[in-house]
Amino acid sequence: MSETKTPVKEEPKGAAFTEEDIPEDATWGEVLQSCCVHSPKEWGLIFIGVCVVVFFLYFFLLGLDLLGSGAKVMGGCAAGSLFGDDTNPVAGLMIGILATVFLQSSSTTTSIVVSLVGAGSVSVNQGIYMIMGANIGTSVTNTIVAMGQMGDGDQLERAFAGATVHDMFNFLTVAIFFPVELITGYLNWLTGLCVRNFTARDGEKWVGPIKKFVGPLTKKIIIANKNVIKDVAKGGNCEEYYPIECEDMSAPTKKTCSRVGIIACDKGTGKCPAFFDANATLADDQVSGIAAFVLGLIILFVCLFGMVTMLQKMLMGISSRIIYKATNINGYLAMIIGVGVTILVQSSSITTSTFTPLVGLGVIRLEQMYPITLGANIGTTITALLAALLSTTEALQVALAHLFFNISGIIVWYPVPFMRNIPLNAARHLGKATRTWRGVPIVYILVAFFLIPLALLGISLLFTQGSTGLTTLGSLVTIFLLGGIIYFIYWFQFTGGKNSIAECMAKRQTRRTAIEDLPSDMEALKAKIQSLEEHTGLLTEEPGDEKEAPEEAPNSVSAEEQV
């Protein structure tokens with residue numbers, strides 16, 4: 001049934017959501033009419049559409065799970081080696097970022113940190129800084145998901161803003177509480193009070209319901225051996241797990257293999273996954289991890305395209321005022337939803353990655369996505385807390401520090417509207433940058449999650465080697481880096497740098513668009529020329545053709561003779 005023909009104020013095309021863009025409020029009666037009043041045929045189509053969306057959503061989650069498992073196999077040894085040294089706070093922060101980017105899961109990183117603290121390999125203080133870094137690194141996954149909507153400029157702008165609002169909160173929270181913790185140690189002190197008289201208990205690891213549905217299929221493809229990462233972090237070596245030892249090399253199982261590499265077998269069924277090879281070397285298994293990672297990306301983007309296309313068709317004809325009314329819930333309620341969903345899926349990356357395409361479609365506004373991501377940050381701490389309850393007092397202290405760190409950030413960056421708008425506006429600017437150049441997400445990921453952390457990690461390690469020369473070098477590099485940052489800010493804000501960057505990105509996007517449109521433009525130009533030739537009667541000649549003079553009729557009479 002068609003909805004009431006009330007004039008609506010539609011969302012401006014290509015604009016990220018702002019408070020001014022919200023259409024005039026619809027009534028709940030209009031929402032119920034649009035949602036629930038349909039003919040039998042329409043209900044049938046809706047049912048089919050929901051089934052298709054659920055199908056794509058399942059394999060979307062499978063792609064995310066494969067992405068994470070492949071990343072653990074591919075980069076687990078490198079990530080584990082990062083945890084090995086109890087270094088300075090800056091290095092700990094960067095290690096948390098890089099390890100989470102390599103593992104594609106902050107839950108895995110925090111669980112590893114908790115276990116290392118419980119084993120005494122990492123101090124509580126250093127574990128807190130690693131947890132802060134893990135908070136930043138976890139948001140790379142939904143930024144990758146946002147890139148799946150590059151085909152549509154409007155969707156990419158909204159999706160990238162929806163993904164990076166998570167980044168902006170994490171960056172800003174670390175910018176405030178990293179120096180506060182460095183100076184005062186408040187998280188260490190507060191969590192120390194909370195864990196007095198704590199006694200560890202025996203129990204089983206809780207597995208979320210989503211993992212129970214998606215996990216079995218992932219385990220048939222690849223299973224990462226998480227023990228390897230933990231052992232490497234404690235000073236071990238991945239080479240120690242090779243060669244693989246199995247009684248039956250042609251049909252290996254969990255029981256018949258006494259030693260496996262970075263790809264493990266299923267503890268529940270005892271079967272080994274498709275990528276398991278009893279004759280594999282470390283390099284072979286890492287190649288298998290890369291293959292699983294790429295397969296996960298392909299499944300992710302294909303299912304994202306299918307899910308977005310189906311949702312677009314299902315929402316077609318519904319005005320934005322109806323959608324906004326239906327999704328315009330209280331921010332704190334949205335936060336609770338984010339907490340609940342993340343506890344169920346046991347991953348903030350899955351939560352934010354699932355909601356990011358909906359922001360791109362315009363179903364969820366940026367103002368609604370923001371509290372959902374904050375709730376996801378709280379929900380993801382539950383995994384580490386559950387692991388810590390079965391470990392030591394120090395491990396629980398680090399897990400609680402993760403929780404209090406996120407709560408502290410929410411207290412600063414959400415309740416007060418002025419403070420809330422800072423990460424929102426920063427995300428909007430990043431979203432608008434994709435309008436100028438669609439390569440912004442790629443550059444952003446490389447710079448924010450790889451280049452800067454690696455550079456800062458390298459500089460910070462110069463101060464921990466006990467060498468006067470390296471310390472002097474580190475001091476000089478730090479001075480030059482700070483000078484460069486100050487100059488860049490001055491150039492960007494006051495001497496036209498911002499406009500220069502915008503013009504450079506615009507030229508790149510114009511050139512790319514021109515190259516993409518060149519074939520169709522040439523066809524259109526040829527068609528236009530042919531139309532003009534037919535209209536004027538000037539037909540083009542083929543090369544080598546000679547123009548023959550018209551023959552004069554034999555009985556023709558000249559004009560003079562006629563006179």
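# Worked exercises on a predicted model

Glutamate 157 is buried, at a relative accessible area of 2%. Buried means under 20% relative accessible area, exposed over 50%, and partly exposed in between (1.4 Å probe, protein chains only). This is a predicted model: local features need pLDDT of at least 70, side-chain atom pairs count only at pLDDT 80 or more, and totals for chains, interfaces and linings use all residues. Residues are numbered from 1 along each chain as its sequence is written, and side-chain values use heavy atoms, with hydrogens and water left out.

## Exercise 1: the overall count

Task: find how many helices and strands the protein has, and what share of its residues is buried.

Solution.
- Step 1. Count the elements. The protein has 22 helices and two strands. Helices (H or I, at least four residues) and strands (E, at least two) are DSSP runs, numbered from the N terminus.
- Step 2. Take the burial. Of 563 residues, 46% count as buried.
- Step 3. Look at contacts, meaning heavy atoms within 4.5 Å. Among those between residues at least 6 apart in sequence, 78% join residues at least 24 apart.
- Step 4. Turn to the surface. The protein exposes about 28,600 Å², and carbon and sulfur atoms supply 64% of it. Accessible areas come from the Shrake-Rupley method with a 1.4 Å probe; for residues, only the protein chains shown count as cover.

## Exercise 2: a salt-bridge network

Task: work out which residues share salt-bridge partners with arginine 435.

Solution.
- Step 1. Set the rule. A salt bridge is a side-chain nitrogen of Lys or Arg within 4 Å of a carboxyl oxygen of Asp or Glu. The count by this rule is five.
- Step 2. Take one pair. Aspartate 154 and arginine 435 meet in a salt bridge at 2.5 Å, N to O. Aspartate 154 lies in helix H7 and arginine 435 in helix H18 (residues 417-436), so the pair ties together parts 281 residues apart in sequence.
- Step 3. Take another pair. Arginine 435 also bridges to glutamate 157, with the closest N and O atoms 3.1 Å apart. This pair links H18 to H7 across 278 residues.
- Step 4. Compare burial. Aspartate 154 is buried at 10% relative accessible area, while arginine 435 is partly exposed at 38%.
- Step 5. Move to a further bridge. Glutamate 367 pairs with arginine 428, the closest N and O atoms being 2.4 Å apart. Glutamate 367 is in helix H15 (residues 366-379) and arginine 428 in H18, 61 residues apart. Both glutamate 367 and arginine 428 are buried.
- Step 6. Join the shared partners. Asp154, Glu157 and Arg435 form one network.

## Exercise 3: the buried faces of two helices

Task: decide where the buried residues of H8 and H10 sit around each axis.

Solution.
- Step 1. List the buried residues of helix H8 (residues 186-194): Tyr186, Leu187 and Thr191.
- Step 2. Look down the axis. The buried residues of H8 fall within an arc of 115 degrees, so they line one face of the helix. The arc is that of the directions from the helix axis to the C-beta atoms.
- Step 3. Find the partners. The buried residues of H8 pack against helix H5 (124-137), helix H7 (153-184) and helix H17 (393-413).
- Step 4. Repeat for H10. Its buried residues include Val228, Ile229, Val232 and Ala233. They cover an arc of only 130 degrees around the axis, which puts them on the same side of H10.

## Exercise 4: backbone details and a loop

Task: locate the cis peptide bond, then describe the setting of alanine 280.

Solution.
- Step 1. Recall the background. Most residues other than glycine have a negative phi, and most peptide bonds are trans.
- Step 2. Find the cis bond. It joins tyrosine 242 and proline 243, with omega about 5 degrees. Proline 243 is in the loop between helix H10 (226-233) and strand S1 (245-246).
- Step 3. Check just after H10. Glycine 235 there takes a positive phi of about 110 degrees.
- Step 4. Place alanine 280. This residue is in the loop between strand S2 (257-259) and helix H11 (282-315). Alanine 280 counts as buried, at 7% relative accessibility.
- Step 5. List its contacts. Leaving aside neighbours within four places in sequence, alanine 280 touches Tyr242, Ile244 and Asp285.
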